[in-house]
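Subject: Structure handover

Hello,

The structure we discussed is below, with notes on what was found in it. Please read the notes alongside the coordinates.

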Amino acid sequence: MAAIKGLGTSFLPLASPTSSGFLKPAPVMVKKPLRVANGRGGRITCSFQRDWLRKDLNVIGFGLIGWLAPSSIPAINGNSLTGLFFESIGTELSHFPTPPALTSQFWLWLITWHLGLFLCLTFGQIGFKGRAEEYF
């Protein structure tokens, strides 16, 4: 029996991945190299802000209150959005192992209520941080 080509040996030339005719090594210039802090025992410092989220509990508290107040106004056939959402949660939990149907009103109230909450929190974060950093 003859050996099957490709299983025992490779017919490809042995060359390193960076030594092709298409790719030529070129020196890479770094515009802003990381600085080595002398007083820190050789640690590398970076200008990226560690607290990038800049969490503020005032924003969470006021944003939640700022959304609960208007969403609790009975404006939808004498019911509030918060009341309808919580009522639909109770209805869906009454048959717990079975998930809500796609045609259930639960999904409408869930998406609407959370969209309003996240908009209040986002605009609250913009307002609080904009005021703190004197953008306006």
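A patch, as used here, is made of residues with over 30% relative accessible area and no salt bridge, and nonpolar side chains are joined within 5 Å. Please keep in mind that this is a predicted model.

Nonpolar patch

Leu115, Leu119, Phe123, Ile126, Tyr135 and Phe136 together make a nonpolar surface patch of about 730 Å². One of these residues, Leu119, sits in helix 3, which covers residues 105–132. Leu119 has a relative accessibility of 42%, so it is classed as partly exposed.

Aromatic pairs

The count of aromatic pairs comes to six, with ring centres within 6.5 Å as the rule. Among them is the pair of Phe85 and Phe86, which is tilted, with 5.7 Å from centre to centre and 35° between the planes. The two residues are covered to different degrees: Phe85 has a relative accessible area of 4% and is therefore buried, whereas Phe86, at 47%, is partly exposed.

Phe106 and Trp107 form an edge-to-face pair, because their planes stand at 70° and the cut-off for that class is over 60 degrees. Their ring centres are 5.0 Å apart. Phe106 is buried at 12% relative accessible area, while Trp107 is partly exposed at 31%.

These four residues also belong to a cluster: ring pairs link Phe85, Phe86, Phe106, Trp107 and Trp113.

Regards

Conventions
Residues are numbered from 1 along each chain as its sequence is written. This is a predicted model: local features need pLDDT of at least 70, side-chain atom pairs count only at pLDDT 80 or more; totals for chains, interfaces and linings use all residues. Side-chain values use heavy atoms; hydrogens and water are left out. Patches are made of residues with over 30% relative accessible area and no salt bridge: like charges are joined within 9 Å, nonpolar side chains (Val, Leu, Ile, Met, Phe, Trp, Tyr) within 5 Å. Accessible areas come from the Shrake-Rupley method with a 1.4 Å probe; for residues, only the protein chains shown count as cover. A salt bridge is a side-chain nitrogen of Lys or Arg within 4 Å of a carboxyl oxygen of Asp or Glu. Helices (H or I, at least four residues) and strands (E, at least two) are DSSP runs, numbered from the N terminus. Buried means under 20% relative accessible area, exposed over 50%, partly exposed in between (1.4 Å probe, protein chains only). Rings of Phe, Tyr and Trp (its six-membered ring) pair if their centres lie within 6.5 Å; planes under 30 degrees apart count as stacked, over 60 as edge-to-face and the rest as tilted.
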